[in-house]
Amino acid sequence: KNYNIAVIVGSLRKESYNLKTANALIALAPESLSLEILDISDLPMFNEDLEATPPNEWEEFRRQIRSADGLLFLTPEYNRSVPAVLKNAIDVGSRPYGQNSWNGKPGAVVSVSIGNISGFGANHHLRQSLVFVNVPTMAQPEAYIAEATGLFDENGSLINDSTKSFLTDFMVAFEQWVTTHATKN
Ligand code: FNR
């Protein structure tokens, strides 16, 4: 394993399709990538007043981001945008001013939805923030996973062969993206 990838999942629920997709991506990933899902559920809401005495959860999260070589984001779409918990994580990681933990880390975005617009709105709102926090984000292949309800079995395993093949190719492209753009810690 040569590259540590922080996986950030924008849904907190146990049966999340984004979480199931994250686990599928981890299983399908090339050898050189070591992936770990970060916990964003307990990050206090960002508040500039707390910057002088930052909560431990913020500091730990920032450390985890800084130690990653690359970033893999999975997001549901909430009201045509990203869930607040994911936006909060981005905001927490971007501060204090001048110490943006995301800076320069190569990333990729996957959106997963039970609907058929496949989280397009969230996928692109997320990319808008990633431009500003300077995460060079893989352009192609894009990953829009629609109608997620039918893709997994009752144990949460990915059972759709074409999705499996697509996600395998996606991870090969992401490995290439990370090896090209990572600045080793
Ligand atoms: C949704 N959902 C949703 N789906 C979509 O395609 N576009 C949308 O704008 C929304 N908006 C939305 C808002 C809120 C508050 C919730 C709770 C849900 C449905 C969403 O795709 C579905 O709940 C997914 O299953 C969420 O992803 P996880 O939790 O399965 O990963």
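Which residues does L71 touch, not counting residues up to four places away in sequence? The legends below start there. The model shown is predicted.

**View 1. Contacts of L71 in the predicted model.**
L71 touches I5, A6, I8, K105, G107 and V135, leaving aside residues up to four places away in sequence. One of these, G107, is also the bridge partner of L71 in β4. L71 belongs to the largest nonpolar core, which has 45 residues. Within that core, I5, V7, I8, L71 and L72 touch the most other members. In soluble globular proteins, nonpolar side chains tend to be buried together.

**View 2. Strand β3 and its two faces.**
β3 spans residues 70–75. The strand is mostly covered, with 6 of its 6 residues buried. G70, L72 and L74 point one way. L71, F73 and T75 point the other way. In a regular strand the side chains alternate between the two faces of the sheet.

**View 3. β3 paired with β1 and with β4.**
β1 covers residues 3–9 and runs parallel to β3, joined by 5 bridges. Here V7 stands opposite L72 of β3. β4 covers residues 107–112 and is also parallel to β3, again through 5 bridges. L71 and G107 are bridge partners in this pairing. β3, α3 and β4 form a right-handed β-α-β unit.

**View 4. β1 paired with β2.**
β2 is made up of residues 33–37. Its pairing with β1 is parallel and takes in 5 bridges. N4 lies opposite S34 of β2. Between the two strands the chain passes through helix α1, residues 17–28, and this β-α-β crossover is right-handed.

**View 5. R80 in the loop after β3.**
R80 sits in the loop between β3 and α3, the latter being residues 84–93. Is R80 buried or exposed? R80 is exposed, because 12 other C-beta atoms lie within 10 Å, and the cut-off for exposed is 12 or fewer. H125 is 45 residues away from R80 along the chain. Their C-alpha atoms are nevertheless separated by 8.6 Å.

**View 6. The shell around the ligand.**
How many residues lie around the ligand, and which come nearest? There are 16, and S11, S16, N18, P76 and G115 come nearest. By class, the shell holds 6 nonpolar, 7 polar and 3 charged residues.

How values were computed. Residues numbered from 1 in each chain as written. Predicted model: local features only at pLDDT ≥ 70, side-chain atom pairs only at ≥ 80, totals over all residues. Near = placed C-beta within 6 Å. Nonpolar A, V, L, I, M, F, W, Y, C, P; charged D, E, K, R; others polar. Core = buried A, V, L, I, M, F, W, Y, C linked by C-beta atoms within 7 Å. Buried ≥ 20, exposed ≤ 12 C-beta atoms within 10 Å, placed from the backbone. Contact = placed C-beta atoms within 7 Å. Helix = DSSP H or I, 4+ residues; strand = E, 2+ residues; numbered from the N terminus. Pairing = 2+ DSSP bridges. Right-handed = clockwise from strand over helix to strand, strands pointing away.
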